[in-house]
Amino acid sequence: MSKRLCFPAINNIAEYEACIYGLEALIAVGAKKVEVFGDSMLVVSHVKGEWELKEEKLRPYLEYATKLLFSFEEVTMKHMPRAQNQMADALATLASLWEKGDQKLTQPVILMRSRISFYEGLIIAHLDLEDEMKWYEDIRRYLEVREYPQSANSRDRATIRRLATQFTLAGGQLYKRFFEGLLLLCVTKKQFEQIMEEVHVGVCGPHMNGRALAGKILILGYY
């Protein structure tokens with residue numbers, strides 16, 4: 001949950017506001033045993049009674065936060081450095097950037113990571129097709145006749161063109177350009193399984209790890 005403060009506030013007050021907002025949310029859902037993590041050492045130490053309050057303008061916040069703690073059967077408060085509190089930091093940034101104050105941002109926010117492009121993901125997915133469609137067919141066809149799949153949009157076409165610069169055709173076979181001019185023959189999933197079995201079991205025995213196995217296959221000239 002995020003909350004945007006639409007009034008002037010110093011950092012310590014903002015930290016107290018966040019703490020109180022979180023405690024009130026826990027009370028609203030009926031939580032009884034809670035752990036509170038905060039990246040403000042001052043707020044955590046005040047509420048735990050470890051530090052003496054020196055700023056009187058913070059007293060109402062401290063008193064109210066302490067009162068809220070009695071709503072729980074068990075409370076543990078811990079200080080967490082901001083570097084380790086990335087989710088809370090990201091939510092705070094989201095609230096500060098949300099300009100439409102009259103609209104509540106209530107839909108779930110889903111965070112995902114993608115290490116490859118969508119189109120490259122589709123190519124990998126093709127490996128699992130029952131008809132053994134060649135994962136590189138779109139790239140091969142583009143290099144051969146400069147044609148795209150019928151369903152390809154402008155972004156897909158740009159991705160195919162970019163990927164095609166890393167491949168070359170020779171004798172009707174598609175090769176991946178590798179370091180120092182080395183060309184690796186592109187193979188299907190079925191062909192790859194055969195190659196992997198030969199390299200791992202037939203030639204080198206079962207003592208080769210995944211990284212070494214992949215390196216061996218590259219040395220043999222397959223991609």
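**View 1. Glu-147 and Arg-141 pair up through their side chains.** In this predicted model, Glu-147 counts as partly exposed because its relative accessibility is 35%. Its partner in the salt bridge, Arg-141, is partly exposed too, at 37%. The gap from N to O is 2.6 Å. Elsewhere, salt bridges with shared partners tie Glu-137, Arg-140 and Glu-144 into one network.

**View 2. Arg-140 sits in helix 6, which covers residues 137-145.** Is Arg-140 buried or exposed? With 15% relative accessibility, Arg-140 counts as buried, since the cut-off for buried is under 20%. Its side chain makes a polar contact with that of Glu-144, at 2.5 Å. Leaving aside residues up to four places away in sequence, Arg-140 touches Leu-169 and Leu-174.

**View 3. Here are two of the structure's seven salt bridges.** Side chains of opposite charge can pair when their charged atoms come close. Lys-48 meets Glu-50 at 3.4 Å, N to O; Lys-48 is partly exposed at 41%, while Glu-50 is exposed at 53%. Glu-56 meets Arg-59 at 2.9 Å, N to O. Of these, Glu-56 is exposed at 51% and Arg-59 is partly exposed at 31%.

**View 4. Helix 3, residues 59-69, has a buried face.** Which residues of helix 3 are buried? They are Tyr-61, Leu-62, Ala-65, Leu-68 and Leu-69. Look down the helix axis and these residues fall within an arc of 125°, so they line one face. They pack against helix 1 (11-28), helix 2 (41-47) and strand 2 (74-79). Over on the other side of helix 3, Pro-60, Glu-63 and Lys-67 are exposed.

Key. Residues are numbered from 1 along each chain as its sequence is written. This is a predicted model: local features need pLDDT of at least 70, side-chain atom pairs count only at pLDDT 80 or more; totals for chains, interfaces and linings use all residues. Side-chain values use heavy atoms; hydrogens and water are left out. Buried means under 20% relative accessible area, exposed over 50%, partly exposed in between (1.4 Å probe, protein chains only). Helices (H or I, at least four residues) and strands (E, at least two) are DSSP runs, numbered from the N terminus. The arc is that of the directions from the helix axis to the C-beta atoms. Contact means heavy atoms within 4.5 Å. A polar contact is a pair of N or O atoms within 3.5 Å; within protein, one must be able to donate a hydrogen and the other to accept it, and residues adjacent in sequence count only if both atoms are side-chain atoms. A salt bridge is a side-chain nitrogen of Lys or Arg within 4 Å of a carboxyl oxygen of Asp or Glu.
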